[in-house]
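Me: I would like to work through the packing in this structure, one question at a time. Please reason each answer out before giving it.

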Amino acid sequence: MLTETDKKLIRLLQDDLPVAPRPFAVLAEQVGLTEEEVIARTRRYQEQGLMRRFGVALRHREVGFTANGMGCWDVPEERAEEVGRIMATFSEASHCYQRPRFDGWPYSHFTMLHGQSREECAAVARRISEATGITNYRLLFSTEELKKTSMRYFTEE
């Protein structure tokens, strides 16, 4: 069971970390804990599976990765896991997942590819195709970014 202090800390962890030499000390001050307690609770959230990961969200457009292509792949069911694991090894793919097929849409696997140009994304898709042997795929490009935020589970009271 989460305490009110846990919920306060999670609210803060859902946002960007403070830009400070010791960001966990800043959070600790805001929730009335020590820096060590904040770090310990954050580790515990991960160990208990409450928090899947703790990482950086790069605003890719701001650093020059202006092309985003969704690779849509027609992967045979018997190769689904094998091919998904290969696709996930490509550092240019920020997302890699499997979804059900629909009538008129044969694609089951999806990779979000980022590059500095459409040509760069297409080259990555070709490399994925070569590595997996999957040749039936499409590359759909983003034209506009409408939202870029993380999920928020606890909001202000």
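The questions below concern a predicted model.

Me: How are H2 and H3 oriented to each other, parallel or perpendicular?
Reply: Helix H2, residues 23-31, packs on helix H3, residues 35-47, with the two axes 8 Å apart and at an angle of about 100°. Angles of 65 to 115 degrees count as roughly perpendicular, and H2 and H3 are therefore roughly perpendicular to each other.

Me: How many residues of the contact of H2 with H3 are nonpolar?
Reply: On the H2 side the contact is made by Phe-24, Ala-25, Leu-27, Ala-28 and Val-31, which meet Glu-35, Val-38, Ile-39 and Thr-42 in H3. Of the residues in this contact, one is charged and one is polar, and the nonpolar ones number seven.

Me: Which helices each supply at least two residues of the largest nonpolar core?
Reply: The largest nonpolar core has twelve residues in all, including Leu-9, Leu-12, Phe-24, Val-31, Val-38 and Met-51. Val-31, leaving aside its neighbours within four places in sequence, is in contact with Thr-5, Lys-8, Leu-9, Leu-12 and Val-38. The helices that each supply at least two residues of this core are H1 (4-13), H2 and H3.

Me: How far apart are the end C-alpha atoms of residues 63-147?
Reply: UniProt, in an unreviewed entry, places the feature "domain: Siroheme decarboxylase AsnC-like ligand binding" at residues 63-147. Over this stretch the chain is 28% helix and 29% strand, and the distance between its end C-alpha atoms is 17 Å.

Terms used: Residues numbered from 1 in each chain as written. Predicted model: local features only at pLDDT ≥ 70, side-chain atom pairs only at ≥ 80, totals over all residues. Heavy atoms only, no water. Axes fitted to C-alpha atoms, helices over the stretch in contact; angles between N-to-C directions. Helix = DSSP H or I, 4+ residues; strand = E, 2+ residues; numbered from the N terminus. Parallel < 35°, antiparallel > 145°, perpendicular 65-115°, else oblique. Contact = heavy atoms within 4.5 Å. Nonpolar A, V, L, I, M, F, W, Y, C, P; charged D, E, K, R; others polar. Core = buried A, V, L, I, M, F, W, Y, C linked by side-chain atoms within 4.5 Å. Buried < 20%, exposed > 50% of the residue type's maximum accessible area, 1.4 Å probe, protein only. UniProt positions renumbered as here; feature names shortened; annotations may be inferred.
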